[in-house]
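Hello,

Here is the structure I promised to pass on to you. Please open it beside this email, and then read on for what I found in it.

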Amino acid sequence: MSTRDSPPLLFEMLRSYASLARTLNLSESVRELQSTRQTVRRHIALLEEYKGSPLFSFENRQYVLTEAGKNSLREAEELIARCEAWLHDESKHVNELFYLGLQVGPIPFYLQQHPLTAIWDMGSPLVQYAFHAWADSQGDLESPALQPLRPYLMVFRFNEDNGDWICTEVGEKSSYATWFGWEKYRSSVGKGIANLPGGPGFANLLAKPFHDIATTRGIRLDHIHTRIGHGPDDELKTISYQRLAMACRFADGEFALATLIDRTRNVVIANLSEENRNSMDESFEMNEIPPAT
């Protein structure tokens with residue numbers, strides 16, 4: 001279409017597309033959306049007209065995502081999630097940086113991105129060390145400058161086939177390893193973030209910041225407060241931490257994303273009360289001394 005105007009029902013069109021992409025069954029999507037077959041079909045047809053390519057094919061009486069449909073899905077799902085979060089004042093920008101604050105059942109999710117100057121204003125010695133090591137390594141994961149930091153890192157590779165971030169490395173001193181224990185951390189290599197012990201909520205916290213780093217090839221600081229299963233009974237425990245996400249390169253030159261997490265009560269997040277900010281058990285704070293150089 002020649003016009004650049006967005007259709008008035010864009011949000012509903014995206015919901016129809018995401019639902020049909022998930023179910024690949026028109027009747028199921030109609031029930032899920034409490035809509036009609038004609039409406040869902042019309043939404044898909046309009047989206048395809050605007051985008052200029054088919055999102056689905058229909059083979060053997062079954063909907064199948066086309067290549068364009070697969071490539072468009074993740075962004076559509078993120079747009080839907082952001083719209084719903086924005087509507088309920090859960091997603092916004094604080095000081096022009098990303099903020100997320102919502103409650104899903106018994107689990108709160110608070111995430112606030114901070115400017116990199118906060119590394120020096122309130123970052124722990126480990127976070128400050130990580131920034132220097134990343135800069136000195138120029139993003140080369142195998143650089144000698146990064147080797148002392150590797151035991152504290154989790155490393156991910158993006159899988160283009162399923163749009164998921166795959167864990168390739170978990171350092172034995174990382175927050176992940178010391179929180180979940182050796183059985184879980186050793187078995188996490190090779191899994192997508194949605195299948196790690198933290199579950200879908202953990203994955204949702206990672207997804208947008210990870211994609212931002214993949215796009216900018218830079219570095220990002222987030223402060224996070226939530227509850228995650230802990231111990232043999234997987235009991236929900238309060239956790240707060242600073243996270244540095246860093247764009248790196250594997251030895252084969254492919255993009256690698258490395259994260260350094262430091263569990264600490266020293267987090268600054270809008271709308272998080274002082275009581276909640278200090279609710280993580282003191283014994284969970286890492287208080288790591290940076291590796292000797």
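Below are my notes, going from the whole chain to single residues.

Please keep in mind that this is a predicted model. The protein chain has ten helices and ten strands. Of its 293 residues, 48% are buried. If you take the contacts between residues at least 6 apart in sequence, 52% of them join residues at least 24 apart. The chain exposes about 15400 Å², and carbon and sulfur atoms supply 50% of that area.

A good place to start looking is strand E6, residues 153–159, which pairs with two other strands. With strand E7 (residues 164–170) the pairing is antiparallel and has six bridges. With strand E10 (residues 255–263) E6 also runs antiparallel, and four bridges join the two. Met154 lets you see both pairings: its bridge partner in E7 is Val170, while in E10 Met154 stands opposite Thr259. Further along, Phe158 has Trp165 as its bridge partner in E7. E7 itself is mostly covered, with six of its seven residues buried.

Which residues have the most contacts inside the largest nonpolar core? They are Phe156, Trp165, Phe255 and Leu257, in a core of 28 residues. There is also a second, separate core of 24 residues, and Leu126, Ala133, Leu146 and Leu149 are among its members.

Next, have a look at helix H2, residues 26–33. Its buried residues are Leu26, Ser29, Val30 and Leu33. Seen down the helix axis, these buried residues fall within an arc of 105 degrees, so they line one face of H2. The general reason is that an α-helix has 3.6 residues a turn, so residues three or four places apart point the same way. What covers the buried residues of H2 includes helix H1 (10–23), helix H3 (37–51) and strand E2 (62–65).

Both ends of H2 are worth a closer view. At the N-terminal end, Asn25 acts as a cap, with a side-chain oxygen 3.0 Å from the backbone nitrogen of Ser27. After H2 comes Gln34, which has a positive phi, near 55 degrees.

As background, most residues other than glycine have a negative phi. Two further residues have a positive phi without being glycine. Leu24 has a phi of about 55 degrees and is found in the loop between H1 and H2. For Arg61 the value is about 60 degrees, and its place is in the loop between strand E1 (56–59) and E2. Are these two buried or exposed? Leu24 is partly exposed, because its relative accessible area is 26% and the partly exposed range runs from 20% to 50%. Arg61, at 78% relative accessibility, counts as exposed, because that label applies over 50%.

Finally, try selecting His43, which is found in helix H3. With a relative accessible area of 6%, His43 is buried, since the cut-off is under 20%. Which residues does His43 touch, leaving out those up to four places away in sequence? They are Leu9, Glu12, Met13 and Ser16. Met13 is 30 residues from His43 along the chain, and their C-alpha atoms are separated by 4.7 Å.

I hope these notes help you find your way around.

Best wishes

Definitions and conventions: Residues are numbered from 1 along each chain as its sequence is written. This is a predicted model: local features need pLDDT of at least 70, side-chain atom pairs count only at pLDDT 80 or more; totals for chains, interfaces and linings use all residues. Side-chain values use heavy atoms; hydrogens and water are left out. Two strands pair if DSSP finds at least two bridges between them. A nonpolar core is a set of buried Ala, Val, Leu, Ile, Met, Phe, Trp, Tyr and Cys residues joined through side-chain atoms within 4.5 Å. Buried means under 20% relative accessible area, exposed over 50%, partly exposed in between (1.4 Å probe, protein chains only). The arc is that of the directions from the helix axis to the C-beta atoms. Contact means heavy atoms within 4.5 Å. A polar contact is a pair of N or O atoms within 3.5 Å; within protein, one must be able to donate a hydrogen and the other to accept it, and residues adjacent in sequence count only if both atoms are side-chain atoms. Accessible areas come from the Shrake-Rupley method with a 1.4 Å probe; for residues, only the protein chains shown count as cover.
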